[in-house]
Amino acid sequence: MAERDQAVHRIPEVLRDAGWTVCLVGEEQSGKLAQVTAGLRRGPDPSGSGKLITSGFSYWGLESTVAWAHACNDLYYPVMRESIASFSRRWRGLSERLPGGPLHYVSLGPGTGQKDQALLRSLDSRGRCGCYIPVDVSAEMLRLAQREALQHLHVPAADVLPVQLDFSMPANLDRLGTLIRRTVGSEPVVYSLLGNTLANFDSDTQLLALLAEKLLRPQDRFLLEVASTAGQDEAAARAAAQEYENSPRFREFVTSALLQYTDLQIDMNSLTCEGLVEDDRALKIKVIYRNRTGSELQLTLPDRSTVRFPDQDTIRLLLSRKYTRTGLEKMLVDARVTTVGETHEAGHTSFDGPAFGMTLLLLAPGDGTRPAGPNPFD
């Protein structure tokens, strides 16, 4: 036992070599592959509500990780590029509202790690940086994010704990919450869900409520970044979809999952981004691949089974939203969280274009009561 303890204690020394990454794998990965396959087996639907690749799996795997990193730097994809460029400035407007003392940082879906670096740098410069715990379903994304986030910082290797886990599942959040509390004790934690990631989930409000319920204690804070819109009509919806459709790198990213999970021969002309008005709460963007060959295709899935892909059938590759002020406020109320601080960055649009932007919110737990209705993740 003593030798085993010594080996564990030597790990931080080994990790001073930047070529090593320690990662806790929190769930059986073969089960995740079954989820992907189940989504692609859904029945035909020409509207884009049938077959799909669920959120998270668009980023799962080396090819998708590399494609996402390229998309974030695409001049024709301003949604993410401008979000990254303006994050440090928006974060400074909220950092003074954090609890005092050392702060531990848990990043849910760290992306390329550039925003995490800005946040960690501000904590490190004040001597307030505790543990850094990035959480993602993709091990490749975790390695990319960790390397970028920790550049030129003084965070000890022993204080970095990447966790490969799907944080949209209640059972996983129970385990993650236990891990975090045992790691940090009663010291405050800043959680983050950045890059408009929340908008990628069908049940976005319920997911935010679940995260708050399972993770947040009174001393903790939650940093949420969402895309916003001042317009709420069909013209604004079309403009929102066009932001995604204009980017060659983004199109390569969303189709990378199809290349990974099926044997489909990709035709970029079959990819469309459709903008819809989602009541008064948001503009919804669905990125869809449609069979336009004029005949039925057979798709081979990762388990070597086949599924029919009829003419005009669709596969939804990604879901996103831009929230209205009304929709955002209602979502926060329903999720039982309160706003401690907020900053906003307007996007670049033409003089007669819709007003899009990015909103950064610092949230605290509310009264702990779950919103009415069933939990869609149960």
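Before we look at any residue, let me fix one word: contact here means heavy atoms within 4.5 Å. With that in hand, we can start at Thr272, which, leaving aside its neighbours within four places in sequence, is in contact with Glu245, Lys286, Val287, Ile288 and Arg292. What you see is a predicted model, in which local features need pLDDT of at least 70 and side-chain atom pairs count only at pLDDT 80 or more, while totals for chains, interfaces and linings use all residues. Residues are numbered from 1 along each chain as its sequence is written, and side-chain values use heavy atoms, with hydrogens and water left out.

Thr272 is found in strand β8, residues 271-278, where strands (E, at least two residues) and helices (H or I, at least four) are DSSP runs numbered from the N terminus. Its relative accessible area is 13%, which counts as buried; buried means under 20%, exposed means over 50%, and partly exposed is in between, with a 1.4 Å probe and protein chains only.

Stepping back to the whole chain, there are 11 helices and 14 strands, and buried residues make up 53% of the 378 residues. Of the contacts with a separation of 6 or more, 76% are between residues 24 or more positions apart.

Let me turn to the aromatic residues. A search of the whole structure finds eight aromatic pairs, and one of them is formed by Phe250 and Phe253, a tilted pair with 6.1 Å centre to centre and 55° between the planes. For this purpose, rings of Phe, Tyr and Trp (its six-membered ring) pair if their centres lie within 6.5 Å, and planes under 30 degrees apart count as stacked, over 60 as edge-to-face and the rest as tilted. Why are Phe250 and Phe253 separated by about one helical turn? Because they are three residues apart in helix α10, residues 248-261. Both rings belong to buried residues, Phe250 with a relative accessible area of 1% and Phe253 with 0%. Phe250 and Phe253 also form one aromatic cluster together with Tyr59, Trp68 and Tyr244.

Next comes helix α11, residues 325-334, whose buried residues are Gly327, Leu328, Met331 and Leu332. Seen down the axis, these buried residues fall within an arc of 130°, so they line one face of the helix; the arc is that of the directions from the helix axis to the C-beta atoms. On the other side of α11, Lys330 and Val333 are exposed. And what do the buried residues of α11 pack against? They pack against helix α8 and four strands, namely β7 (221-229), β12 (314-323), β13 (337-346) and β14 (356-365). Just after α11, Arg336 takes a positive phi of about 60°.

Now to the hairpin formed by β10 and β11, which has five residues between the strands, and in whose turn Arg304 has a positive phi of about 75°. Strand β10 (residues 297-300) and strand β11 (residues 306-309) pair in the antiparallel sense over four bridges, where two strands pair if DSSP finds at least two bridges between them. Within this arrangement, Gln298 stands opposite Arg308 in β11.

Following the chain onward, Asp311 lies in the loop between β11 and β12, and at 33% relative accessibility Asp311 counts as partly exposed. Not counting residues up to four places away in sequence, Asp311 touches Asn291, Arg292, Thr293, Gly294, Ser295 and Glu296. One of these, Arg292, is 19 residues away from Asp311 in sequence, yet the two are 6.1 Å apart in space, C-alpha to C-alpha.

Finally, two loop residues are worth comparing. His152, in the loop between α6 (139-149) and β5 (163-164), has a positive phi of about 65° although it is not a glycine. Asn196, in the loop between β6 (189-193) and α8 (204-215), likewise has a positive phi, near 60°, and is a residue other than glycine. Which of them is buried and which exposed? His152 is exposed, with a relative accessible area of 73%, whereas Asn196, at 5% relative accessibility, counts as buried.
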